[in-house]
Amino acid sequence: MRIKTVWAAFFSPTGNTASAVCDVARTAAETLHVPLRMLDFTLPAQRAGVHSFCETDFVVFGVPVYAGRVPNKVLPFLRAGFCGGEALAVPVVTFGNRSFDDALIELRNTLEELGFHTVAGAAFAAGHAFSEKIAPGHPTEADRAQRRAFARAAAEKVRQAQTLPAPVSVAGRDPVGPYYTPLGLDGKPAAFLKAKPKTHAERCRSCGRCAAACPMGSISKDDPTAVPGLCIKCQACVRVCPVHAKYFDDPAFLSHVAMLEQTYTRPAQSQTFL
Ligand SMILES: Cc1cc2nc3c(=O)[nH]c(=O)nc-3n(C[C@H](O)[C@H](O)[C@H](O)COP(=O)(O)O)c2cc1C
Ligand code: SF4
Ligand code: SF4
């Protein structure tokens with residue numbers, strides 16, 4: 001099939017998905033000898049309008065796994081903001097060493113509904129946004145080599161295809177199952193839906209970086225210690241703060257993080273589908 005552009009399209013509050021998608025897209029573009037273009041739709045301003053593709057586009061499309069699924073607050077942006085236009089697509093999810101559950105199949109189905117044709121898919125194990133103690137060190141050199149090998153195989157599949165392929169077969173339940181229920185250290189559900197980050201006011205320099213990095217636009221630009229909007233617990237504000245002023249102290253959230261740190265110590269395997 002004739003491809004003229006490879007796209008790296010991603011939602012990535014703490015950078016893992018951007019890294020995986022860019023690795024795959026860069027190698028695919030090199031293999032197909034076509035230009036690479038970026039579409040980072042993490043921030044609200046980047047989600048304005050509709051992004052339309054066409055049949056000569058090859059789109060590596062990534063989101064992180066939240067509660068075993070495509071992040072529920074991101075799904076409406078995907079549905080309203082993208083038009084596949086018969087482009088070929090590679091759904092990619094990154095997950096923080098627990099499980100990707102039904103996220104990849106949900107992303108594949110969403111892309112197909114939007115008018116993309118999925119040709120390959122991948123769930124890449126990454127660090128966990130909640131804690132640097134879970135699966136530290138990703139991406140390793142082996143992770144990056146796996147991404148490149150996957151990209152070359154996907155690009156070859158596209159190059160050799162004479163007709164539009166059937167939707168790629170990936171792991172997960174179809175129809176997708178319920179969202180994963182986060183558990184605490186006591187093994188009981190940890191309810192932290194309403195938790196929001198707090199700020200060490202004495203450390204904060206009012207630089208505004210946290211407000212600029214929030215994918216939900218939820219942190220006040222005038223007073224970055226205030227979070228009037230919805231919080232998806234993505235940790236972008238915590239990671240970006242240069243003086244470590246942002247933190248979560250919600251007991252249920254901290255108990256869930258401690259449970260993850262205690263339980264998910266084995267390295268999870270990435271999975272690719274072609
Ligand atoms: C709200 C939230 C829920 C998450 N749920 C899961 C999950 O169900 N399974 C898992 O393995 N990792 C989970 N993670 C970890 C992320 O999937 C992982 O860190 C991902 O690579 C983050 O992507 P990003 O760096 O592009 O933001 C979750 C992270 C967040 C912030
Ligand atoms: S990034 Fe940190 S220092 Fe800057 S405004 Fe936000 S909390 Fe304050
Ligand atoms: S306030 Fe919530 S949604 Fe916004 S960056 Fe921080 S953790 Fe993410």
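**Two domains and three ligands**

Tutor: The domain assignment of the protein chain gives domain 1 (5-178) and domain 2 (198-247). The model is a predicted one.

Student: How many residues of domain 1 and of domain 2 take part in the contact?

Tutor: Domain 1 gives 9 residues and domain 2 gives 7 residues. A contact here needs C-beta atoms within 7 Å. On the side of domain 1 that touches domain 2, 6 residues are nonpolar, 2 polar and 1 charged. The C-alpha centres of the two domains are 27 Å apart.

Student: What makes the radius of gyration of the protein chain agree with a compact globule?

Tutor: Set the value against the rule. The rule takes 2.2 Å times the number of residues to the power 0.38. For 274 residues, a compact globule would come out near 19 Å. The protein chain has 19 Å, so the two agree. Along the principal axes, the C-alpha atoms fill a box of roughly 60 × 40 × 35 Å.

Student: What share of the residues in the protein chain is called buried, and what makes a residue buried?

Tutor: A residue is buried if 20 or more other C-beta atoms lie within 10 Å of its own. In the protein chain, 44% of the 274 residues are buried.

Student: Among contacts between residues at least 6 apart in sequence, how many join residues at least 24 apart?

Tutor: In the protein chain, 78% of them do. The chain has 7 helices and 11 strands.

Student: Which residues come nearest to ligand 1, and what makes a residue near?

Tutor: The test is a C-beta atom within 6 Å of the molecule. Around ligand 1 there are 27 residues, and S12, N16, T17, P64 and G96 come nearest. The elements giving two or more residues to this shell are α1 (16-32) and β6 (88-95).

Student: Which domains supply the shell around ligand 1?

Tutor: Domain 1 (5-178) and domain 2 (198-247) each give at least three residues. By class, this shell has 12 nonpolar, 13 polar and 2 charged residues.

Student: Why would cysteines in a shell be called nonpolar?

Tutor: Because Cys is on the nonpolar list, as are Ala and Pro. Take ligand 2. Its 14 surrounding residues include C204, C207, C210, P224 and C241 as the closest. Each of those five is Cys or Pro, so each counts as nonpolar. The whole shell around ligand 2 divides into 8 nonpolar, 3 polar and 3 charged.

Student: Which residues come nearest to ligand 3?

Tutor: C214, C231, C234, A236 and C237, out of 14 around ligand 3. Cys and Ala count as nonpolar, so these five do too. The shell around ligand 3 has 11 nonpolar, 2 polar and 1 charged.

Notes: Residues numbered from 1 in each chain as written. Chains lettered and ligands numbered in written order. Predicted model: local features only at pLDDT ≥ 70, side-chain atom pairs only at ≥ 80, totals over all residues. Helix = DSSP H or I, 4+ residues; strand = E, 2+ residues; numbered from the N terminus. Domains from an automatic or database assignment. Buried ≥ 20, exposed ≤ 12 C-beta atoms within 10 Å, placed from the backbone. Contact = placed C-beta atoms within 7 Å.
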